[in-house]
Structure formats: C-alpha cells, structure tokens
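Student: I have a chain to look over before I go back to the bench. Can we go through it one question at a time?

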Amino acid sequence: MVNTCDLSAGAKRLEKVEPSLIRTILDRAAVLRGEGKPVIPFSAGEPDFNTPSDIKEAAIRAITNNQTKYSSNRGYPPLRKVLQDYIQSETGISYDPETEILVTSSAAEALNNTIMAFVDEGDEVIVLTPAFVSYKSLVNMCGATFVDIPLDASRGFQVDIDAVKSAITDRTKMLVLNSPSNPTGAVFSYESLQALCQLAIEHNFLILSDEIYSRLVYDGAEFHSIASFPGMKEHSIIVSGFSKAFAMTGWRLGYLATDRKLLGHILRVHQYSTTCSPTFIQVALAECMNSKQTQKQITEMLEAFSNRRKLIMSLLDEIPALSYSKPYGAFYIMVDVSRLGMTAMEFSMKLLEEKYVATVPAVGLDEHTGKYVRFSYATSEENIVEGLARVKKMVEELHL
Ligand SMILES: Cc1ncc(COP(=O)(O)O)c(C=O)c1O
C-alpha cells in the first residue's frame with residue numbers, strides 16, 4: 001500500500017491558520033533596515049531595555065556550575081516557590097507550588113498548552129478582539145470555533161458584557177481574556193471582570209487569562225487578576241511570563257497557575273512537547289527575580305514606559321487628523337487613521353515605505369478595526385519624537 005496524500009500540503013489543522021500580519025511588517029522593516037534605511041520601530045511588542053544584570057549574571061553562574069540538565073517537568077522547585085509568593089502578591093491567591101504552578105518556555109507556550117489541553121473540535125472559544133494574534137490561530141488549530149466579540153472602541157475598548165452573554169452557548173468551553181491588553185492598551189474594569197467571572201461560573205466555562213502585562217498600568221489604573229475573584233481558581237488558568245516586565249523576550253520563560261485538577265491536563269501537553277524549560281534560566285530567576293538590583297531596574301523600566309506613554313500621547317495630540325484611544329496599560333496605543341481616508345493597512349504600508357516608520361495595522365488582530373493602527377511605545381523617547389515627526393509630516397503632505 002502506498003500513501004497517496006500530498007505531503008507538501010501540511011496538516012489539515014493548519015488550513016485555518018493565517019500568516020501573521022505583524023510578521024509581514026517586521027520582515028519588510030528588516031529588509032529596509034538591511035538596506036540602511038533609518039527605520040523607527042513602533043511595531044514590535046518587545047522592550048528595548050536590557051535584561052536586569054543580576055539575572056544575566058546568575059544565568060552565567062548557573063551554566064558555569066553545570067546547572068544544565070533537565071529540571072522537573074513542572075519547573076525547578078525553588079522557582080515555583082518564588083513564583084507562588086509572586087503570584088500571591090498579584091492575585092491574593094495561594095497556588096500550591098507542587099501541583100498548581102507550571103513553568104513554561106514562554107507565555108506563548110503556556111497559551112498553546114492550555115488551549116491544546118482543554119479545547120476540542122466543535123468547542124467554542126470566545127475571544128475579545130482586537131486581541132493578541134496567537135489566540136485565534138491556536139483555537140483554529142484545535143478545530144474549534146473562534147467566537148469573536150468585538151470590544152467597543154468608542155468606550156476605550158472595554159468589554160460589552162451583554163455581547164459576551166449573547167455569545168454563550170452550551171458549546172462554550174473557554175473565554176480568552178487579556179488585560180492589560182495587547183493591542184488596545186485597555187485595562188478592564190473591576191466590574192467588567194467580575195461580570196465575566198459570574199458568567200464563567202454560571203455557564204461553566206474556563207477563563208484563560210493572559211496577564212503578561214499585569215505590571216504595566218498607568219494613571220491610577222488598577223490591574224485585577226481574574227484569579228482574585230471568588231470561585232475562579234477552579235474556573236481559570238492565569239498565564240504570564242518574563243518577556244515584558246523583565247525585558248526577557250529572548251529567554252523564553254513563562255508560567256501558568258491554576259487549580260491542581262486542571263493543571264494535570266496542561267502538564268501532559270507540556271511534558272510531551274518541551275519537557276521542561278532551560279534549567280539555568282530557571283535557576284537565575286529563582287535566585288534573582290526579586291533581588292534589589294532587579295527590582296530597581298524593573299522600576300526604572302516601568303517609569304520609562306509611563307513617560308513614553310505621555311510623550312506619544314502629547315505628540316499625537318499635535319496631529320488633529322489622528323485620534324487615539326487612551327491606553328491605561330501595556331505599551332501600545334491604538335491610533336484611528338480613518339479621517340485620512342485610508343485603511344489601517346494603507347496607512348501602515350505608506351508610513352513604512354515612505355517614512356520608514358514601522359507600525360502594525362489592527363486588521364489581522366481581528367475582523368473589525370480596519371481603521372486602527374497599533375503603535376508600540378516600547379522604544380526610546382528619541383525614536384518616539386523622531387517617529388511622530390515623520391508621521392506628522394506624512395499627514396501634512398496629504399493636504400487634507
Ligand atoms: C498578550 C500577549 N501574550 C503573550 C505574549 C507572548 O509572550 P512570550 O514572549 O512570553 O511568549 C505576548 C507577546 O507579545 C503578548 O502580547
């Protein structure tokens with residue numbers, strides 16, 4: 001018997017997984033940079049800071065000391081203990097480090113493992129959009145139905161609880177939440193989160209809460225973990241990681257926390273995919289994620305993000321044809337370009353090709369916000385000033 005399938009076609013589960021628009025922009029920006037063009041990067045969700053020095057030194061020490069073998073599948077025990085305290089300080093909930101915390105190689109892995117562990121073909125997963133690109137692809141890879149609930153741009157991208165309510169069916173398995181949000185910068189109110197939790201308990205579905213931007217909140221906005229609401233430990237999986245607040249994107253370290261009954265399923269996916277995260281990185285974080293020097297560097301980074309946010313808003317205020325939704329968290333701002341008579345895609349491409357400023361059109365992050373362009377302000381004040389001057393020039397040249 002000879003198998004007649006087309007090997008070059010790839011697995012069926014990939015058919016609904018679209019290529020990432022962000023990648024297209026980043027790749028084109030890289031080509032322009034390679035040609036020597038002075039590209040200003042407002043595109044990547046990546047802090048431009050260095051990883052805290054204590055963590056770097058501890059990782060080098062761990063390698064020198066041969067802490068280079070496998071660790072426990074669940075993660076290096078001392079790191080899980082440190083994470084228990086860290087998560088408790090953020091959520092008020094104590095997760096057992098033996099059975100309820102899993103160290104992963106990035107938040108991306110934690111999201112993948114969680115969705116793979118719970119979502120079946122035919123299930124429905126509600127995602128509040130615009131949202132981080134991975135959610136849709138992961139849901140599609142499982143053959144489940146992606147139920148897209150648009151956030152209300154006119155209300156600062158806050159949740160419309162009635163819209164969520166009416167999307168719930170007996171096939172709803174999960175709702176994916178991300179507050180503070182990429183790409184909108186919105187921080188969901190306590191009342192909205194409380195209402196979502198009530199729905200999860202009443203209708204018996206899980207909330208996968210991506211809390212990777214929890215420390216990046218501004219102007220008195222408060223982060224509330226979904227786990228902090230009554231009864232939610234058994235109905236939620238909280239995911240986070242070190243890429244953003246610790247400036248550790250390339251290290252690929254994250255974690256998740258949930259009730260032990262749920263974690264067992266996720267552990268199985270983790271075990272048979274990554275086995276465990278790099279041991280020396282876990283050792284370095286266990287030793288130094290709370291060191292004085294690390295905390296000082298993190299505080300400095302958070303202050304810098306806060307200043308950059310104010311700077312980019314004030315420079316956008318000088319371009320009356322553009323408006324924006326005021327962000328309260330993460331390091332993104334959504335700019336409405338519709339008054340220029342252009343789509344977000346046209347604006348982003350024109351800005352990149354003509355002025356060498358890289359941004360991300362919000363199309364692809366959902367189906368609805370064709371007029372919003374995401375600017376990431378995880379870049380220097382000099383870049384923000386220069387980049388916004390170029391945006392202003394491009395808008396002026398349109399002679400509206
Ligand atoms: C909302 C959100 N979740 C998860 C991630 C992925 O983080 P990590 O680098 O830990 O995979 C990102 C990265 O941009 C993000 O914006």
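Student: In which loop does Asn204 lie?

Tutor: Keep in mind that this is a predicted model. Asn204 is not a glycine, yet has a positive phi of about 60°. Its place in the chain is the loop between α7 and β6.

Student: Is Asn204 buried or exposed?

Tutor: A residue counts as exposed if 12 or fewer other C-beta atoms lie within 10 Å of its own. Asn204 has 11 such atoms within 10 Å, so the class is exposed.

Student: Ala247 also comes up for its phi. Is Ala247 buried or exposed?

Tutor: Ala247 is a residue other than glycine with a positive phi, near 50°. The loop between β7 and β8 (254-258) holds Ala247. The cut-off for a buried residue is 20 or more other C-beta atoms within 10 Å. Ala247 has 21 of them, and therefore counts as buried.

Student: Which residue forms a cis peptide bond with Pro180?

Tutor: Pro180 is in the loop between β5 and α7 (190-203). The peptide bond in question has an omega of about -10° and is cis. The partner of Pro180 in this bond is Ser179.

Student: Where is Pro130, which is joined to Thr129 by a cis peptide bond?

Tutor: The bond between Thr129 and Pro130 has an omega of about 5°. Pro130 is found in the loop between β3 and α5 (134-141).

Student: How far apart in space are Phe223 and Pro180, C-alpha to C-alpha?

Tutor: Phe223 sits in the loop between β6 (206-210) and β7 (236-241). Leaving aside residues up to four places away in sequence, Phe223 touches Pro180, Val187, Ser214 and Val217. In sequence, 43 residues separate Phe223 from Pro180, but the C-alpha distance is 7.3 Å.

Student: Why is Phe223 not classed as buried?

Tutor: Being buried takes 20 or more other C-beta atoms within 10 Å, and being exposed takes 12 or fewer. Phe223 has 19 C-beta neighbours inside 10 Å, so the class is partly exposed.

Student: How many residues of β5 are buried?

Tutor: Strand β5 covers residues 172-177. On one hand, β5 pairs in the parallel sense with β3 (residues 124-129) over four bridges, and Val127 has Val176 as bridge partner. β5 also runs parallel to β6, joined by four bridges. The strand is mostly covered, with the buried residues numbering six of its six.

Student: Which residue in β6 is the bridge partner of Leu175?

Tutor: β5 and β6 are joined by four bridges and run parallel. Within this pairing, Leu175 has as its partner Ile207.

Student: Which helix gives the largest share of the largest nonpolar core?

Tutor: The largest nonpolar core has 111 residues, and those touching the most other members are Met174, Leu175, Ile226, Leu256, Ala284, Leu285 and Val373. The largest share is seven residues, from residues 279-288, which form helix α9.

Student: Why does this core lie between domain 1 and domain 2?

Tutor: The domain assignment gives domain 1 as 7-50 + 294-397 and domain 2 as 54-289. The core lies between them because residues come to it from both domain 1 and domain 2.

Student: Which element gives the most to the side of domain 1 that touches domain 2?

Tutor: The C-alpha centres of the two domains lie 24 Å apart. The contact takes 35 residues from domain 1 and 37 residues from domain 2. On the domain 1 side, the elements giving two or more residues are α10 (292-317) and β10. With seven residues, the element that gives the most is α10.

Student: Which are the edge strands of the open sheet that contains β10?

Tutor: The four strands have the order β9-β10-β13-β12, with antiparallel pairing. β9 and β10 (residues 332-336) pair over three bridges, and Ser325 has Met334 as its bridge partner. The strands that pair on one side only are the edges, β9 (323-325) and β12 (360-361).

Student: How many charged residues are in the shell around the ligand?

Tutor: The ligand is surrounded by 13 residues, the closest being Ser106, Ala107, Ala108, Gly241 and Ser243. The shell divides into four nonpolar and eight polar residues, and the charged ones number one.

Definitions and conventions: Residues are numbered from 1 along each chain as its sequence is written. This is a predicted model: local features need pLDDT of at least 70, side-chain atom pairs count only at pLDDT 80 or more; totals for chains, interfaces and linings use all residues. A residue is near a molecule or strand if its C-beta atom, placed from the backbone, lies within 6 Å of it. Ala, Val, Leu, Ile, Met, Phe, Trp, Tyr, Cys and Pro count as nonpolar, Asp, Glu, Lys and Arg as charged, and the others, Gly among them, as polar. Two strands pair if DSSP finds at least two bridges between them. A nonpolar core is a set of buried Ala, Val, Leu, Ile, Met, Phe, Trp, Tyr and Cys residues joined through C-beta atoms within 7 Å. Domain bounds come from an automatic or database domain assignment. Two residues are in contact if their C-beta atoms, placed from the backbone, lie within 7 Å.
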